[in-house]
Amino acid sequence: MRFETKVVHTGVHKDQQYNSVITPIYPSSTFYWNDLETNSGYDYTRSGNPTRDALNENLAALEGGVGCVTTSTGMSAVHCAMAIFNPGDHIVVPADVYGGTFRLFSQFLTEKGLSFTFVDMTDIDAVKAAVQPATKGFWIETPSNPMMKVIDLAAIVEIAKQNKAVTICDNTFLSPYLQRPLEFGVDVVMHSTTKYINGHSDVVGGAVISKDKELGDRMAWICNALGLACSPYDAWLVLRGVKTLGCRMDAQQANAMKIARFLDGHPLVETVYYPGLESHPQHELAKSQQQGFGAMLSFDVKDGRPVAERVCMNSKLFDVAESLGGVESLISFPVTMSHASMSPEGRQAAGITEKTVRVSVGLEHADDLIEDLKQALDS
Ligand SMILES: Cc1ncc(COP(=O)(O)O)c(C=O)c1O
């Protein structure tokens with residue numbers, strides 16, 4: 001089956017009694033046993049639930065993985081994936097990783113005995129130099145948030161294999177419609193399903209998809225042991241959202257391309273970070289490992305914070321809000337919003353400054369969005 005068919009059909013038929021076309025929500029926390037040895041395959045919703053399984057099967061198929069667990073938030077998915085490591089293990093991470101991931105790694109997991117090196121992962125020599133005898137993992141986020149740096153998946157996988165380390169890729173920004181890291185040899189993919197996979201800004205959730213049964217079983221064990229799984233209601237919403245992933249992505253990235261070109265030509269804009277622009281340093285790499293450029297972009301304005309603040313506060317169609325990937329356009333100021341949980345030194349190393357504005361481009365008409373940004377910049 002092709003992607004557009006899989007999103008609609010995979011996993012959804014769970015009602016063999018009434019043949020409902022749409023997966024029912026099974027809110028039951030527990031399931032009765034037939035006798036003391038046998039049950040329906042489900043006994044308790046933390047461990048397994050038919051609605052959640054429908055979503056798990058769907059997302060595993062979209063990423064081309066073997067096992068999937070879906071969790072209460074994207075951060076619980078990050079936590080689930082990271083729970084395969086042990087105290088003493090060292091993990092290499094991109095310097096401009098999502099702020100919440102940075103906080104979890106640099107504070108909580110560091111306190112628990114893991115160690116991390118944050119590097120510019122577009123610099124393969126820097127990645128190689130970051131490897132230590134204790135290196136057990138490589139965390140990849142591509143394109144990165146918010147600087148839209150594209151990391152070479154195959155190159156990182158090669159370094160990881162040489163060091164017998166696991167690769168985990170946060171694929172939130174592109175979704176499996178535009179990038180499937182497992183095809184490049186990555187071991188585990190994670191998502192904040194809050195973003196494009198759900199796509200309607202009305203649920204928070206996460207997913208961890210593994211390349212093989214062994215890792216998939218381990219993630220399922222961790223998810224159950226730590227109690228990270230999402231509720232059947234949330235699973236149902238995400239399953240409903242994912243069915244339109246392809247068409248939403250097509251329309252949103254077409255808008256993003258037009259906005260990137262507009263911003264690129266605006267006198268108050270210093271730099272546009274969008275892999276779809278020929279001037280983007282990893283444009284060719286993005287073309288080779290992605291099926292599209294996505295609908296996230298950032299830009300640096302001239303004159304710093306006053307202009308950044310003006311464009312955020314004067315835009316009328318872009319709500320000033322964190323998050324991304326919904327059908328509505330959002331604008332944000334990473335320094336005080338998505339990346340506030342990153343240390344000032346971390347932000348400096350990642351190139352996130354008071355000039356930087358991030359945009360999640362929605363499904364509105366591109367001309368309306370461009371007119372709005374124009375009046376906000378020029379006001
Ligand atoms: C790239 C990325 N990964 C992970 C997360 C965390 O997801 P959640 O907010 O659903 O916990 C986010 C949230 O913005 C994100 O942008």
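## A first look around Lys195 and beyond

With a relative accessibility of 16%, Lys195 counts as buried, because buried means under 20%. This is a predicted model, and Lys195 is a good place to begin the tour. The UniProt record, an unreviewed entry, places the feature "modified residue: N6-(pyridoxal phosphate)lysine" at Lys195. Along the chain, Lys195 lies in the loop that runs between β6 (188–192) and β7 (206–210). Leaving out residues up to four places away in sequence, Lys195 touches Thr172, Ser323, Leu324 and Gly325.

Next, a pair of strands. Strand β2 (residues 90–94) pairs with strand β3 (residues 115–119) in the parallel sense, over five bridges. Within this pairing, Ile91 has Phe116 in β3 as its bridge partner. To get from β2 to β3, the chain passes through helix α4 (residues 99–111), and this β-α-β crossover is right-handed.

Phe116 also appears among the aromatic residues: ring pairs link it with Phe102, Phe105, Phe118 and Trp139 into a cluster. Across the whole structure, a search finds seven aromatic pairs. One of the pairs joins Phe3 and Tyr177, whose ring centres are 5.2 Å apart and whose planes are at 55°, so the pair is tilted. This pair links distant parts of the chain, with Phe3 in helix α1 (residues 3–9) and Tyr177 in helix α7 (residues 175–178), 174 residues apart.

What about the cysteines? A search of the whole structure finds zero disulfides. Cys223 is in no disulfide, because its nearest cysteine sulfur, that of Cys80, is 5.0 Å away, while a disulfide needs the two sulfur atoms within 2.5 Å. Cys230 is in no disulfide either, and its nearest cysteine sulfur, that of Cys223, is 8.1 Å away.

One more stop is Ser332, found in strand β11 (residues 330–332). Apart from its neighbours within four places in sequence, Ser332 is in contact with Cys312, Ala321, Met337, Thr356, Val357 and Arg358.

Here are some of the buried residues met along the way:

| Residue | Relative accessible area |
|---|---|
| Phe3 | 12% |
| Tyr177 | 12% |
| Cys223 | 5% |
| Cys230 | 5% |
| Ser332 | 2% |

Both partners of the tilted ring pair are therefore buried: Phe3 and Tyr177. Cys223 is buried too, as is Cys230, and Ser332 in its strand also counts as buried.

Notes:
Residues numbered from 1 in each chain as written. Predicted model: local features only at pLDDT ≥ 70, side-chain atom pairs only at ≥ 80, totals over all residues. Heavy atoms only, no water. UniProt positions renumbered as here; feature names shortened; annotations may be inferred. Helix = DSSP H or I, 4+ residues; strand = E, 2+ residues; numbered from the N terminus. Buried < 20%, exposed > 50% of the residue type's maximum accessible area, 1.4 Å probe, protein only. Contact = heavy atoms within 4.5 Å. Pairing = 2+ DSSP bridges. Right-handed = clockwise from strand over helix to strand, strands pointing away. Phe/Tyr/Trp six-rings, centres within 6.5 Å; stacked < 30°, edge-to-face > 60°.
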